[in-house]
Amino acid sequence: MPKLRFSSKLLSFLVLGLVHNAYAIDKFDTSTQTLTIPQVLVGTTTYNNVVLKLKDFSLVSIDPNPQTGISNGDFLMQFVSATLQGGQAKITIALTSLGRDKEVEVGDDGELAKARFTDDQGNIYDPSLVQVRNKSSQPPTRYIKYQFNADIPSNVVLTYDNVPASAKSIALLDLKLFYSDAKFRIGNIPLQNLDSSPVFK
């Protein structure tokens, strides 16, 4: 296996990029002083399970009230669930506008808003329906303009049609909110197949 050589400057950019673009969790082993990063994107090449040896590593400070999820631009995104049933995939996330009320477009407007889903077989889907709280897009429109209240999470359900039962995971969810700088790219998320889930009586 080839060794990856990173300068300290490049490493800092990689770590910052991971904060915004990865869903999988980084792991630090205190006994070996190694940091395992699930995915690192260098140029157009993605490296999986990159292990870094950290020497004289110590925690300087930590936010006493951490936010779980991925912050980008002026929004926080938190993954909730991903299900597949009857050929329909539903990806549920929570979006929070940070610090102020903000109206944005969520979904696919064909130009600047995007919510593209790629499955583990390489099939690409655009949403057929977008729901934010009690509001839904109206077909044939595949996006919704919604006013997010400051610092209050709102559940967003993205529905995708014609997804085969053989799809096992979300290889990539590429989300871009219009009227915002927020962009999110997350992947390696299992799809829960409700058609094959056992029924308990």
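**Lys114 and its partner**

I started with Lys114, which comes out as partly exposed at 31% relative accessibility. This is a predicted model, so I kept the confidence cut-offs in mind: side-chain atom pairs count only at pLDDT 80 or more. Next I looked for what the Lys114 side chain meets, and found a salt bridge to Asp174, 3.1 Å from N to O. Lys114 sits in strand S8 (residues 114-119) and Asp174 in strand S14 (residues 169-176), so this pair ties together parts 60 residues apart in sequence. Asp174 itself is buried, with a relative accessible area of 13%.

**A second bridge on Asp174**

I checked Asp174 for further partners and got Arg185, with the closest N and O atoms 3.1 Å apart. That pair links strand S14, which holds Asp174, with strand S15, which holds Arg185, and the two residues are 11 apart. Through shared partners, Lys114, Asp174 and Arg185 are joined into one network of salt bridges. Arg185 is partly exposed, at 40% relative accessible area. So what I have here is a buried Asp174, with partly exposed Lys114 and partly exposed Arg185 as its partners.

**The other bridge I looked up**

Which residue does Arg116 pair with? Its side chain meets that of Asp126 in a salt bridge, 3.0 Å from N to O. Asp126 lies in the loop between strand S9 (124-125) and strand S10 (129-132), while Arg116 is in strand S8, 10 residues away. I have both down as partly exposed: Asp126 has a relative accessible area of 25%, and Arg116 is at 35%. Searching the whole structure gave 5 salt bridges.

**Gly107**

Buried or exposed, I wondered about Gly107 in strand S7 (residues 102-108)? Gly107 is buried, with a relative accessible area of 0%. Beyond four places in sequence, Gly107 touches Ala113, Lys114, Ala115, Pro127, Val130, Arg142 and Tyr143. I was pleased to see Lys114 turn up again in that list. For the Arg142 contact I also looked up the C-alpha separation: 6.0 Å, for residues 35 apart along the chain.

**Core**

The largest nonpolar core has 33 residues, and those touching the most other members are Leu95, Val106, Phe117, Phe148, Val156 and Tyr160. I picked Phe148 and pulled its contacts. Leaving out residues up to four places away, they include Phe75, Leu95, Val104, Val106, Val132 and Val156. The Phe148 list also has polar and charged entries, among them Ser97, Arg100, Asp101, Lys102 and Ser154. Apart from the largest core there is another of 5 residues, including Ile37, Val50, Leu52 and Leu54.

**Thr96**

Thr96 is in strand S6 (residues 88-97). I find it buried, at 5% relative accessible area. Past its neighbours within four places, Thr96 is in contact with Asp74, Phe75, Leu76, Gln78, Asp151, Ile152 and Pro153.

**Backbone oddities**

Most residues other than glycine have a negative phi, and most peptide bonds are trans. With that as background, I went looking for exceptions. Asp151, one of the Thr96 contacts, has a positive phi of about 65° without being a glycine. Asp151 belongs to the loop between S12 and strand S13 (154-160). Asn188 is not a glycine either, and has a positive phi of about 60°. I place Asn188 in the loop between strand S15 (183-186) and strand S16 (189-190), and at 48% relative accessibility it counts as partly exposed.

Where is the cis peptide bond that I noted? It runs from Pro139 to Pro140, with omega near 10°. Pro140 lies in the loop between strand S11 (135-136) and strand S12 (142-148).

**Whole-chain numbers**

I closed with the totals. The protein has 1 helix and 17 strands. Of its 201 residues, 35% are buried. Among contacts with a separation of 6 or more, 60% are between residues 24 or more positions apart. The accessible surface is about 12,400 Å², with 52% of that belonging to carbon and sulfur atoms.

On confidence, the average pLDDT is 81, and 74% of the residues score at least 70. I flagged residues 1-24, where pLDDT stays under 50. For that stretch the model has 27 contacts beyond four places in sequence.

Conventions
Residues are numbered from 1 along each chain as its sequence is written. Side-chain values use heavy atoms; hydrogens and water are left out. Helices (H or I, at least four residues) and strands (E, at least two) are DSSP runs, numbered from the N terminus. Buried means under 20% relative accessible area, exposed over 50%, partly exposed in between (1.4 Å probe, protein chains only). Contact means heavy atoms within 4.5 Å. Accessible areas come from the Shrake-Rupley method with a 1.4 Å probe; for residues, only the protein chains shown count as cover. pLDDT is the predictor's confidence in each residue, from 0 to 100. A nonpolar core is a set of buried Ala, Val, Leu, Ile, Met, Phe, Trp, Tyr and Cys residues joined through side-chain atoms within 4.5 Å. A salt bridge is a side-chain nitrogen of Lys or Arg within 4 Å of a carboxyl oxygen of Asp or Glu.
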